[in-house]
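User: I am new to this structure and would like a close look at one part of it. Please take one sheet and what packs around it, and then set it beside the rest of the chain.

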Amino acid sequence: MKNTMNKMIAALMVLCVLTAALTGCKSKPKDADLKAAIETAIQANTMASGVTVSVEKGVATLSGQVTDETSKQTLDKTTASVMGVKSVVNNITVAAPPAGPVVVAADDALTTAVKDATKDFPTVVATVSDGVVTLKGEIQKANLQKLIMTLQALKPKKVDNSQLVIK
């Protein structure tokens, strides 16, 4: 009976060792390997030039900036398709489109628009030169902001109210 018991214990020990060995062979990909695989996969996309990758416990985090939402989504899908990636945290931001040039109204059109904008303020005289609106005369403090906002909406280079008396 002792022999049979020893054989069973030995068989159980061999089974445990084999199970441990086989489980060890099916190890998960290492984070560094996943990071390298993701970087290789997204490197093919020219939109990924400003994107960085980090991986922790199989979770890939993308950071950086791209030019449009489509690029952001493409990089997300490419990363998620890499074997071994559990999930993707997409912290990529989409850059704002570049601002166009400031449009300054031409003097003739601006002069006409300024004349129309100041018609309700008979004590204010406005002149236009090289895109700059110069205000002279008098205005009530309560009306100043309304007038300035109306004139700014016309897109002059500048509104100069330094010669305007505010009452």
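**The sheet of strands 1, 2 and 3**

Analyst: Val53 stands opposite Leu62 in strand 2. The model is a predicted one, and this pair is a good place to enter it. Strand 2 covers residues 59-66, and strand 1 pairs with strand 2 in the antiparallel sense over six bridges. In general, strands of a sheet pair through backbone hydrogen bonds, and the pairing can be parallel or antiparallel.

The sheet that holds these two strands is open and has three strands in the order 1-2-3, with mixed pairing. Its edge strands are strand 1 (51-56) and strand 3 (87-94), each of which pairs on one side only. On average, neighbouring strands of this sheet are turned by 10 degrees against each other, direction ignored.

Two helices can be placed against this sheet. Helix 2, residues 31-43, lies across strand 1 and strand 2 and runs at about 155 degrees to strand 1. Helix 3, residues 69-80, packs on the sheet and touches strand 1, strand 2 and strand 3. The direction of helix 3 makes about 160 degrees with that of strand 3.

Between strand 2 and helix 3 there is a loop, and Thr67 is found in it. Is Thr67 buried or exposed? Its relative accessible area is 64%, and because the cut-off for exposed is over 50%, Thr67 counts as exposed. Thr67 still has contacts: leaving aside residues up to four places away in sequence, Thr67 touches Val94 and Ala95. Thr67 and Pro97 are 30 residues apart in sequence, while their C-alpha atoms are 7.7 Å apart in space.

Now the other sheet, for comparison. Three strands form an open sheet in the order 4-5-6, and here too the pairing is mixed. Strand 4 and strand 6 stand at the edges with a single partner strand each, so one side of each has no neighbour in the sheet. From one strand to the next, the twist averages 15 degrees.

The pairings can be taken in turn. Strand 4 and strand 5 (residues 132-139) run antiparallel and are joined by six bridges. Val125 stands opposite Lys136 in strand 5, and Val128 has Val133 of strand 5 as its bridge partner. The two strands form a hairpin with two residues between them, and Asp130 in the turn has a positive phi of about 55 degrees. On the other pairing, strand 5 runs parallel to strand 6 (residues 158-166), with seven bridges between them. Val133 has a bridge partner in strand 6 as well, namely Val159. To get from strand 5 to strand 6 the chain passes through helix 5 (residues 141-152), and this β-α-β crossover is right-handed.

Helix 4 also belongs to this picture. Helix 4 lies across strand 4 and strand 5, at about 170 degrees to strand 4. Its buried residues are Leu110, Val114 and Ala117. Viewed down the axis of helix 4, these buried residues fall within an arc of 60 degrees, so they line one face of the helix. They pack against strand 4, strand 5 and helix 5. The face turned away from the buried side carries the exposed residues Asp108, Ala109, Thr112 and Lys115.

After helix 4 (107-117) comes Thr118, in the loop that leads to strand 4 (124-129). Thr118 has a relative accessibility of 9%, and because buried means under 20%, Thr118 counts as buried. Residues up to four places away in sequence aside, Thr118 touches Ala126, Leu147 and Leu151. Leu151 in turn touches Val114, Ala117, Thr118, Val133, Leu135, Pro156 and Val159, again without sequence neighbours up to four places away.

What lies inside? The largest nonpolar core has 15 residues, and those touching the most other members are Val124, Val133, Leu135, Ile139, Leu147 and Leu151. Helix 4, strand 4, strand 5, helix 5 and strand 6 are the elements that give two or more residues to this core. Helix 5 gives the most, with four residues. There is also a second, separate core of 14 residues, and its members include Leu34, Ile42, Val55 and Leu62. With Leu62 the account returns to its starting point, the residue of strand 2 that stands opposite Val53.

Note on methods: Residues numbered from 1 in each chain as written. Predicted model: local features only at pLDDT ≥ 70, side-chain atom pairs only at ≥ 80, totals over all residues. Heavy atoms only, no water. Buried < 20%, exposed > 50% of the residue type's maximum accessible area, 1.4 Å probe, protein only. Contact = heavy atoms within 4.5 Å. Pairing = 2+ DSSP bridges. Right-handed = clockwise from strand over helix to strand, strands pointing away. Core = buried A, V, L, I, M, F, W, Y, C linked by side-chain atoms within 4.5 Å. Axes fitted to C-alpha atoms, helices over the stretch in contact; angles between N-to-C directions. Arc of directions from axis to C-beta.
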